[in-house]
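Me: I should like to learn how to read the main features of a protein model. May we go through one together, step by step?

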Amino acid sequence: MVFGTIADTLTRGVENVTDTLSGAFLEPVIRLGVTGLARSGKTVFITSLVANLLDRGRMPQLMAEAEGRILAAYLQPQPDDTVPRFDYEAHLGDLTARDPHWPESTRAVSELRLSLKVRPTGLLSGLSGPRTIHLDIVDYPGEWLLDLGLMERSYAEWTADTLDRMQRRPGSDDYLALAERTDPTVDFVETDARTLAAEFTRALNAARDAGFSDCTPGRFLLPGELAGSPVLTFAPLPAPGSAPRKSLWREMERRYEAYKREVVKPFFRDHFSRIDRQVVLVDALGAIHSGPAAVEDLRRTMADILGAYRPGGNAFLTQFFTGRRVEKILFAATKADHLHHTQHPRLTAIMEALTRDARDRARFAGADTQAMSIASIRATTEQTLPHGGRDLDCVRGTLLETGKQAAFHPGELPEDPAHLLGPARDGARTWLDRDYSVMRFAPARLTLKPGEGPPHIRLDRAAQFLIGDRL
Ligand SMILES: Nc1nc2c(ncn2[C@@H]2O[C@H](COP(=O)(O)OP(=O)(O)O)[C@@H](O)[C@H]2O)c(=O)[nH]1
Ligand SMILES: [Mg+2]
């Protein structure tokens with residue numbers, strides 16, 4: 001036993017030294033994945049993170065910065081020639097304009113490389129000069145992770161699940177009626193397939209607009225350059241007893257399989273499998289505002305999304321993850337500047353509860369996980385106003401719709417997250433005892449001092465958790 005321990009420690013010691021030494025020559029790379037469902041705040045997060053890593057005056061909780069070890073930070077051409085570059089300059093320009101506005105939403109994967117010159121700590125600090133560490137930030141839609149669920153399902157299984165789910169969603173009636181009228185055994189005709197796919201896509205969009213999270217197949221909502229191609233021109237149909245060759249059913253089935261092979265698989269192989277650290281952004285406040293059904297849907301969706309971080313449990317993923325894994329996963333409730341800071345611990349508790357199933361699974365895979373409430377860009381200030389004989393904690397900002405300043409009390413989150421998640425799970429239609437509203441604020445006009453990035457909430461803690469140990 002004792003020998004084993006000593007031998008173990010020795011090898012580990014040697015590994016550490018080699019790591020550090022080869023690091024000095026090879027320049028280590030951290031691939032940070034940033035994901036979340038549409039409008040969860042990925043673009044704003046990356047823009048503000050990069051701005052605050054370039055100008056670190058507001059990053060006191062990033063230990064390497066507090067210790068004065070970050071000597072320089074700069075943007076570099078990214079290493080992946082076929083992935084679009086994350087348009088940092090344009091997005092920052094939007095946020096810091098004289099009339100600041102939120103950046104346009106993005107539709108596909110993009111990437112950016114930020115390099116940090118860091119003075120090492122510990123044993124080797126006196127021996128070696130500053131090291132360069134590359135941070136490759138990869139932005140990709142969370143919807144694409146949900147497609148993982150398709151890999152282990154046949155077209156018939158997917159069709160049954162999807163039609164069943166659509167029964168309970170607003171905006172699906174037209175499609176369900178159309179599918180009902182369609183005979184899947186008739187000869188395939190392209191225009192029929194187009195009509196079905198278009199109507200199905202409309203239903204997916206309607207579900208998303210109603211606050212539902214799992215609106216797969218992911219590329220139907222964000223088609224990018226695949227718009228109109230056969231891999232995106234299929235839809236779920238009621239299963240026939242048997243389907244002849246050249247029938248609508250057979251061709252739909254073929255296209256569904258092509259979508260898995262040509263769209264889902266390359267994403268997991270080329271992007272997902274190379275990620276070291278991951279942040280999953282969640283607009284929990286938005287879901288709470290939409291109501292119990294949206295919260296329950298978000299909870300399930302988080303469990304599905306996070307299934308992707310347990311490669312051991314999935315034969316399809318295992319093939320890409322030989323010996324690798326995602327080391328850290330941060331679940332961040334975004335837009336926390338909509339709440340007075342006294343409510344932040346409650347939002348974090350809700351975030352923890354929402355992702356509990358998912359977190360347990362991810363931990364199973366050995367990843368270090370944490371939940372946090374953050375605002376990538378702080379668009380509000382806090383204000384306490386007298387109201388009905390007591391003090392009300394409000395946030396104040398410029399309303400997006402009217403451009404007017406307003407103070408706003410979003411409703412008190414419950415101390416116990418079960419008071420939200422319980423009714424949601426039990427199928428409640430509305431929140432009984434309270435109302436949650438969300439205002440949309442415009443980004444505040446900024447006057448930044450030299451060396452300061454845009455104001456945020458806990459972005460430095462998020463950065464410390466995600467990359468601090470490697471700096
Ligand atoms: N108040 C506030 N709103 C935010 C913040 N981050 C994102 N938003 C809002 O959420 C919207 C979607 O953000 P975006 O980054 O484009 O989401 P993406 O689709 O995940 O890339 C923005 O247009 C803003 O209205 C934040 O930190 N504070
Ligand atoms: Mg985006």
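Reply: Certainly. Let us begin with a term: a helix is in contact with a strand when heavy atoms of the two lie within 4.5 Å. Please keep in mind that this model is predicted. Here, helix α2, residues 42-54, lies across β1 (29-36), β2, β3 (110-118), β4 (131-139) and β5 (277-282).

Me: How is helix α2 directed with respect to β4, and at about how many degrees does it run?

Reply: An angle between two such elements is taken between their N-to-C directions and runs from 0 to 180 degrees. Helix α2 runs at about 165 degrees to β4. Another helix, α15 (residues 344-354), also packs on the sheet, where it touches β5, β6 and β7. The direction of α15 makes about 140 degrees with that of β7.

Me: In what order do the strands of the open sheet with mixed pairing follow one another?

Reply: One reads a sheet from neighbour to neighbour rather than along the chain. The seven strands of this open sheet follow the order β2-β3-β4-β1-β5-β6-β7, and their pairing is mixed. At its edges are β2 (70-76) and β7 (368-373), each of which pairs on one side only. From one strand to the next, the twist averages 20 degrees.

Me: How many bridges join β6 to β7?

Reply: Strand β6, residues 328-333, is joined to β7 by six bridges, and the two run parallel. As one example, F331 has A371 in β7 as its bridge partner.

Me: Which pairing does the open sheet of three strands have?

Reply: Its pairing is antiparallel, and the strand order is β8-β9-β10. The edge strands are β8 (381-387) and β10 (405-408). With direction ignored, neighbouring strands of this sheet are turned by 35 degrees against each other on average. Between β9 (residues 390-398) and β10 there are four bridges, and T398 stands opposite Q405 in β10.

Me: Let us turn to the ligand. Which residues around ligand 1 come nearest?

Reply: One starts with the residues that surround the molecule and then examines single contacts. Of the 17 residues around ligand 1, the nearest are R39, K42, T43, V44 and D337. The side chain of K42 has an N or O atom 2.8 Å from an oxygen atom of ligand 1. For the side chain of T43, the corresponding distance to a ligand oxygen is 2.8 Å. In V44, it is a polar backbone atom that lies 2.8 Å from an oxygen atom of the ligand.

Me: How much of the accessible area of ligand 1 does the protein cover?

Reply: On its own, ligand 1 has 580 Å² of accessible area, and the protein covers 97% of this. The surrounding shell comprises seven nonpolar, five polar and five charged residues.

Methods. Residues numbered from 1 in each chain as written. Chains lettered and ligands numbered in written order. Predicted model: local features only at pLDDT ≥ 70, side-chain atom pairs only at ≥ 80, totals over all residues. Heavy atoms only, no water. Pairing = 2+ DSSP bridges. Near = heavy atom within 4 Å. Polar contact = N/O pair within 3.5 Å; in protein donor to acceptor, adjacent residues only side chain to side chain. Areas by Shrake-Rupley, 256 points an atom, 1.4 Å probe, with all protein chains shown as cover. Nonpolar A, V, L, I, M, F, W, Y, C, P; charged D, E, K, R; others polar.
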